[in-house]
Amino acid sequence: MNVIYMDNNATTQVAPEVLEEMLPYFSEFYGNPSSMHTFGGMVEQKIVEARERLARLLSASPEEIIFTSCGTESDNTAIRAAILSNPDKKHIVTSRVEHPAVKNLFEYLAKNGYRVTFVPVDRKGLLDLDYLYKNLSEDTAVVSLMWANNESGVIFPIEEIGTVLKEKGIVFHTDAVQAVGKIPIDLKHVNVDMLSLSGHKLHGPKGIGALYVRKGTKFSPFLIGGHQEKGRRGGTENAASIIGLGKASELAVRNISSENIRVKKLRDKLETEILNRIPNAMINGDREDRLPNTTSIAFEFVEGESILLMMDEYGICASSGSACTSGSLEPSHVLRAMGVPFTAAHGSVRFSLSIYNTEEEVDFIIEKLPPIIERLRELSPFWKKAL
Ligand code: PLP
């Protein structure tokens, strides 16, 4: 079956160039990068190169990059490092729409002695900045806010928030897992202390992430062990995947403007045509401050899961929420926090595109989706009532 993959916020295809660069490090060059011999040193050299490539994507220095196993580990490491470095401060701040990697850690910390402020968002998914600023205090140990939302694609004003937090001397972490590779990120000009990212969201492999830690930021490792990553993350390096993430970063630098403009055009066509052809459909989230590849569309009075199943018959892959929350019948915490009405939240579908999508694929979805929604609505008692 021909697959039309539009679930790239869940995970992405490993770029062929990335795979090619990784393969020799599973077979031919298997040395330990920490070894004294030249054979291990060759792997170490490639890790140095990967660190430089990733640093370039973020406009950071290579020494500010720590490789981890995933975005979740990076988030956990950053937030725990921040609170360990500020043991007297017991207040921590995040938003209501974070990925479970941050949300569930904050809920855990709330049960373990921390006062947590969950900053709300409005109907468009935009952060309530007044609420954020009003709730900051001398007792605030860390603010952790995502750069871009995985479900709606809405982008938070990280640069502006960073300036305010720097003035107040509060540690600022951002979960940029969905932002890196999709929008330009220049850490020379944005005051974040720590930033998380994940390889599999930018055409790198799964099981590799990174944490940027600005020079001078107090840090303590989450994985305590060997001297790897300058003692900031113990454990023998996942060399092949680090090399893959480095290559993916290099490709992202190349694609970030031109390819992402093309992706945005495809997303906009998909979105506009769906709204034109299907009644009672609306976009979840702000249409301006948004990732170029993401659209979350609510189809009133139908189940998102039923839409996914019927699209699946045509090989169309999308998502009814984040991969971690699908499978549950509750509307996602993101859509609930945005105040999306129940009848719409239930019928929400996220399409997330990548550089590998084509206009033909968009046209195929535009053709197949309207009859799917029509058929499902014919079966929906709520739709009949609404007419
Ligand atoms: N943060 C965000 C915003 C995400 O979208 C994800 C994955 O979907 C993660 C963190 C977790 O990343 P990983 O799957 O690499 O642990």
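This note covers the nonpolar cores and the cavities of a model that is predicted.

1. The largest nonpolar core is made up of 66 residues, and those with the most contacts inside it are L58, F67, L132, W147 and L195. Helix 7, which spans residues 239-255, gives the most to this core, contributing eight residues. Because domain 1 (4-11 + 256-386) and domain 2 (16-252) both give residues to this core, it lies between them.

2. L58 can serve as a starting point for a look at its surroundings: leaving aside residues up to four places away in sequence, L58 touches I65, V180, I185, D186, L187, L195, L197 and Y212. Of these partners, L195 is also listed among the residues with the most contacts inside the largest core.

3. A second core, separate from the one around L58, has 28 residues, and L270, V349, I366 and L376 are included in it. As general background, nonpolar side chains in soluble globular proteins tend to be buried together.

4. Turning to enclosed space, a search of the whole structure finds two cavities of 30 Å³ or more, and the largest cavity holds about 230 Å³ of space. The lining of the largest cavity consists of 21 residues, of which G181, L202, H203, N260 and I355 are the closest to its centre.

5. Which helix gives the most to the lining of the largest cavity? Helix 7 does, with four residues, while helix 7 and helix 8 (258-277) each supply at least two. Domain 1 and domain 2 each provide at least three residues of this lining, and by character the lining residues divide into 11 nonpolar, eight polar and two charged.

Terms used: Residues numbered from 1 in each chain as written. Predicted model: local features only at pLDDT ≥ 70, side-chain atom pairs only at ≥ 80, totals over all residues. Heavy atoms only, no water. Core = buried A, V, L, I, M, F, W, Y, C linked by side-chain atoms within 4.5 Å. Buried < 20%, exposed > 50% of the residue type's maximum accessible area, 1.4 Å probe, protein only. Domains from an automatic or database assignment. Contact = heavy atoms within 4.5 Å. 1 Å grid on protein atoms, 1.4 Å probe; cavity = no way out; pocket = protein on both sides within 12 Å on 5 of 7 lines; lining within 4 Å. Points joined across faces, edges and corners; volume = space filled by probe spheres on them. Nonpolar A, V, L, I, M, F, W, Y, C, P; charged D, E, K, R; others polar.
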